[in-house]
Amino acid sequence: MPQLTWNEVRPAPVVLVSGPESFLAEQAIGRLRDFLRSEDASLEVSDLEADGYGRGELLTLASPSLFGEPRLIRVARVEKASDDFLEDALAYLEAPDDSTTLVLRHGGGQRGKKLLDAIRGGAGGGIEIVCAELKKDAEKQDFVRAEFRGENRRATPGAVRALVSAFGDDLAELSSACRQLVADTSGEITEAIVDRYYAGRVETTAFTVADAAIAGRRGDALIALRQALDTGAEPVPIVAAFAMKIRTMAKVSGSRGPSGQIASSLGLAPWQVDRAKRDLSGWTDRGLAAAVEALAEADAQVKGAGRDPVFAVERLIGVIAAKGTTRA
């Protein structure tokens, strides 16, 4: 059966997404969903948990519908699958439904080996998307280039290396940094642009400012801001650090369940979810909404809409430190 990388995903009756790198797996599954939906907006999406599976659920979801809508069935945690799921999945492979795409997410290990062997042997006419952990810098650089290529943007080799150096320990953050640059810049992305946003010195000081403000320590945040500015930091990447953290908090705030499950569904690392949960202490949905509005205003101000970028950051710190309850 074909074995493809995460960014080569394509429709097939059965799509096995294997490997330990959860972020790449979520990216691949998301791309597949978006493609299927672009082909037919009536796509019906269903989710199953293989470890809590009840007998017959898969066959019920995959049975022909009255109106013939295409279906995408996503099955998580196949590496912990129940015996009932494994038995039903093997039966399904014998006669997969033509209008259904079945995605099986297997994070690794020996559980479900008979099912994996069947798929890899050609049963069901499937493909495998291999999401191995990216350990080498060269692999991470390929990931960055693919991220920009997907947005029809180019980045110089120096820019790619600088991004991997700053965010290579976490693919979710690396991807987020790429998206931030795509949204905030135009033309070719150079090393100078990356340095402007994410130089190692700035990365540390910017997040120090953001962490203090989010925790409600306005004075500490203002002191950290002055120290950051004195060592060469610019307002733009400082606001970008706020945006990355608030964006993650907003995603996590509406999610319930174990950190690993939330991380998988949101394309984050479990530690990012745990950190966001801690950061959310004392925050309300209204406060987060106010913080997002303040971020948008500060972002515009530091990028030319205002006369005093530093004051814009100071005002943002005030809003964030008050957890969105005031704009003073």
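Which residues is Leu163 in contact with, leaving aside its neighbours within four places in sequence? Exercise 1 answers this.

The model is predicted: local features need pLDDT of at least 70, side-chain atom pairs count only at pLDDT 80 or more, and totals for chains, interfaces and linings use all residues. Residues are numbered from 1 along each chain as its sequence is written, and side-chain values use heavy atoms, with hydrogens and water left out.

**Exercise 1. List the contacts of Leu163, then place Leu163 in its core.**

Step 1. Contact means heavy atoms within 4.5 Å. Leave aside the neighbours of Leu163 within four places in sequence. Leu163 is then in contact with Val144, Phe148, Gly168, Leu174, Ala177, Cys178, Leu181, Val194 and Tyr198.

Step 2. Find the core. A nonpolar core is a set of buried Ala, Val, Leu, Ile, Met, Phe, Trp, Tyr and Cys residues joined through side-chain atoms within 4.5 Å. Buried means under 20% relative accessible area, exposed over 50%, and partly exposed in between (1.4 Å probe, protein chains only). The largest nonpolar core has 85 residues, and Ile129, Leu163 and Phe242 touch the most other members.

Step 3. Ask which helix gives the most to this core. Helix α11 (residues 235-253) does, with eleven residues. Helices (H or I, at least four residues) and strands (E, at least two) are DSSP runs, numbered from the N terminus.

Step 4. Look for another core. One of 21 residues lies apart from the largest, with Leu16, Leu58, Tyr92 and Ile119 among its members. In soluble globular proteins, nonpolar side chains tend to be buried together.

**Exercise 2. Describe the chain as a whole.**

Step 1. Count the elements: the chain has 15 helices and six strands.

Step 2. Take the span. The C-alpha trace covers about 65 × 40 × 35 Å along its principal axes.

Step 3. Check burial. Of the 328 residues, 47% are buried.

Step 4. Check the range of contacts. Take those between residues at least 6 apart in sequence; 77% of them join residues at least 24 apart.

**Exercise 3. Is Gln180 buried or exposed, and what does Gln180 touch?**

Step 1. Locate Gln180: helix α7 (residues 171-184) holds this residue.

Step 2. Apply the cut-off. Gln180 counts as buried because its relative accessibility is 8%.

Step 3. Look for a polar contact (a pair of N or O atoms within 3.5 Å; within protein, one must be able to donate a hydrogen and the other to accept it, and residues adjacent in sequence count only if both atoms are side-chain atoms). The side chains of Gln180 and Asp184 make one, at 2.7 Å.

Step 4. Skip neighbours within four places in sequence. Tyr198, Ala240 and Arg247 are in contact with Gln180.

**Exercise 4. Compare two residues in the loop between α5 and α6.**

Step 1. Thr156 lies in the loop between α5 (137-150) and α6 (157-167). Asn152 lies in the loop between α5 and α6 too.

Step 2. Thr156 has a relative accessible area of 17%, so Thr156 is buried. Asn152 has 74%, so Asn152 is exposed.

Step 3. Not counting residues up to four places away in sequence, Thr156 touches Glu188, Ile189, Thr190 and Glu191.

Step 4. Asn152 has a phi near 60°, a positive value in a residue other than glycine.

**Exercise 5. Where is Arg77, and what is its phi?**

Step 1. Arg77 sits in the loop between β4 (71-76) and α3 (83-93).

Step 2. Its phi is near 55°, a positive value in a residue other than glycine.

Step 3. At 23% relative accessibility, Arg77 counts as partly exposed.

**Exercise 6. Where is Thr284, and which backbone nitrogen does its side chain reach?**

Step 1. Thr284 is in the loop between α13 and α14 (285-305).

Step 2. Thr284 is partly exposed, with a relative accessible area of 45%.

Step 3. The side chain of Thr284 reaches the backbone nitrogen of Gly287 at 3.0 Å.

**Exercise 7. Relate Ile193 to Leu181.**

Step 1. Ile193 belongs to helix α8 (residues 191-198).

Step 2. Ile193 and Leu181 are twelve residues apart along the chain, and their C-alpha atoms are separated by 8.4 Å.

Step 3. Leave aside neighbours within four places in sequence. Ile193 is in contact with Leu181, Thr185 and Glu188.
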